[in-house]
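Colleague: Could you take me through one part of this model closely? I would like to see the second largest pocket first, and then what lies around it.

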Amino acid sequence: MTRNSPATGSQFLSLHLLETLVAVLPVRDENGAPKSIVYGGAERHMITSQARRRAERIHARDRANAGRGALAGRATGIRTREWALLTARELTAEHGWQQDEAIRTARAVIEATGLKFGEADKKTVANLTRVLLFAPADAGTRIAAHIAEHAESVRAWSEEYLTAQTAAAAAAKKKRGRKNKDKDAVPEEAEEETAAEAKLPPVPAATRAAVLTALAPRDAIDIALYGRFLAEIADSPNVDGAVQSSHAFTVHEAEQVDDFYAAADDAKLDRKKNALDFLDAADDAGAGMTGYQSLISGTFYRHAVLDRRRLRRNLQAAGMSEPEAEEVAVAAEAEFVTAFVEAFPEAKRNSTASTGSLPALVLAFEGERPYNYAAAFQTPIDESPLDKNGEGPAGPAAVKRLLKHHAFVSRRRPDISAGRVLTYDPQINDLLDTLDDTGVAAVSGIEELTA
């Protein structure tokens, strides 16, 4: 076994999934409309990989925190702009600091380490970092613990830092006034200019090291899986994720409906129902409010691949020994596959019950490189009946195409292992029994998808 390679199996685990969704809206564009792409000369509905990856990450994190699944009890991360607020909350709740001082100090420490914050005069963003930072969930707790332990020196530095920052901001404002407030300047640029010109006292080396350690990926399994990028702090490690995900798209042309809805005003209807005065009963008719929402239906193809070697390398880079990284990687792979199959974006879940969807088919196999089978659906499926030269319903037709494509490719690529397929659709299960030479074996549980 070579270093950083899995103990068993090939380097890449490829996953392919078909799912049929009815009247849902998992993702929307800036106008509230369904996202779409043009592929094979036809418009297709699209569910972005970002939406799917977040759903998978949260699914695995919640299971781990609840003590369920292969990663039960393991550390995970959170992606947020609220690290100063989380640190301040810990200082207040666990170390007895006053809230205002806790927020000021937490922001100063994190800002001086290298993260930029929102404009100080805008309360809604003043204590939020400008970028989302994916870090271990206990990072705020660890930063707060260091601040509390070195309270005297951190307080003294913080007062000096904030005083210098206030003076620098006032000087910059005066300077801009003399330049007649250059209309081309933006507040962020002005703040960066202020910070560059000001001689702010550097954060103590031990405190900066503590913040960097707290924000480092450490043992957060989901950071090793999905990666992170942080450009603002050059010496804070970035992580090239072990998971590659594609956008999901419909295997047929897009089918969309603009659904008109009317919401009733309960109080008005109850009053009219029990009215004793005919004038009251003759109140204006109509719904309490009306509107439109776009809904989509269709069979989607999506794909993801896990780089097992990269996963083990990420875990070892975070400080794990090779045996520990191997053990955790096996558990992380099992939980990733579970999340890939089960997780679903939660947009409009209460009005569409979208999160209850189960895949029509999941195909898994190993190889020495990733394999994306989107080409199987470049020609959109024609759902016309078979007797009219169509392919019939998209679900079964997509299963036939996907497995035919896999059989064709696997005969030409010797590194591809025997595939495993899982279905939650009894009609697809019956269909599998009729297909010949697919090169796959049916399994009955998610855990059997990994070799």
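Modeller: The lining of the second largest pocket divides into six nonpolar, two polar and five charged residues. Keep in mind that this is a predicted model. The space in this pocket comes to about 280 Å³. Its lining has 13 residues, and those closest to the centre are Arg-57, Arg-79, Phe-134, Tyr-226 and Gly-227. Two elements each supply at least two lining residues: helix H1 (49-65) and strand E5 (133-136). H1 gives the largest share, with five residues.

H1 also leads us to the cavities. The whole structure has four cavities of 30 Å³ or more. The largest cavity has a volume of about 70 Å³. It is lined by 13 residues, and Ala-60, Arg-61, Leu-71, Asp-222 and Leu-225 are the closest to its centre. H1 gives two or more residues to this lining, and so do helix H8 (221-226) and helix H12 (322-342). By type, the lining of the largest cavity holds seven nonpolar residues, one polar and five charged.

Now step back to the whole chain. Its secondary structure comes to 15 helices and 12 strands. The C-alpha trace spans about 85 × 80 × 45 Å along its principal axes. Of the 451 residues in the chain, 45% are buried.

One helix makes a good exercise. Helix H3 covers residues 99-113, which is 15 residues. How far apart should its ends be at 1.5 Å a residue? The expected span is 21 Å, and the end C-alpha atoms are 21 Å apart, so the two values agree. Many of its residues can be checked for burial. The buried ones are Ala-102, Ile-103, Thr-105, Ala-106, Arg-107, Ala-108, Val-109, Ile-110, Glu-111 and Thr-113. Notice that this list includes Arg-107 and Glu-111. After H3 comes Gly-114, with a positive phi near 140 degrees.

Next, look at the rings. There are seven aromatic pairs in the structure. One of them joins Phe-249 and Tyr-301. Their centres are 5.9 Å apart, and the planes meet at 65 degrees, an edge-to-face pair. Phe-249 lies in strand E7 (residues 248-250), and Tyr-301 lies in strand E9 (residues 289-307). The two are 52 residues apart, and the pair links distant parts of the chain. Phe-249 and Tyr-301 are both buried.

Compare Phe-365 and Tyr-373. Why is this pair called stacked? The ring centres are 5.7 Å apart and the planes lie at 25 degrees, so the pair counts as stacked; the cut-off for stacking is under 30 degrees. Phe-365 and Tyr-373 are buried too.

Ring pairs also build a cluster. Its members are Tyr-39, Phe-249, Tyr-301 and Phe-377. You have already met Phe-249 and Tyr-301 as an edge-to-face pair.

Last, find the charges that sit over rings. The charged end of Arg-155 sits over the ring of Trp-97, and the distance to the ring centre is 4.0 Å. Arg-412 places its charged end over the ring of Phe-408, 3.6 Å from the centre.

Note on methods: Residues numbered from 1 in each chain as written. Predicted model: local features only at pLDDT ≥ 70, side-chain atom pairs only at ≥ 80, totals over all residues. Heavy atoms only, no water. Helix = DSSP H or I, 4+ residues; strand = E, 2+ residues; numbered from the N terminus. Expected span 1.5 Å × (residues − 1). Buried < 20%, exposed > 50% of the residue type's maximum accessible area, 1.4 Å probe, protein only. Phe/Tyr/Trp six-rings, centres within 6.5 Å; stacked < 30°, edge-to-face > 60°. Lys NZ or Arg CZ within 6 Å of the ring centre and 35° of its normal. 1 Å grid on protein atoms, 1.4 Å probe; cavity = no way out; pocket = protein on both sides within 12 Å on 5 of 7 lines; lining within 4 Å. Points joined across faces, edges and corners; volume = space filled by probe spheres on them. Nonpolar A, V, L, I, M, F, W, Y, C, P; charged D, E, K, R; others polar.
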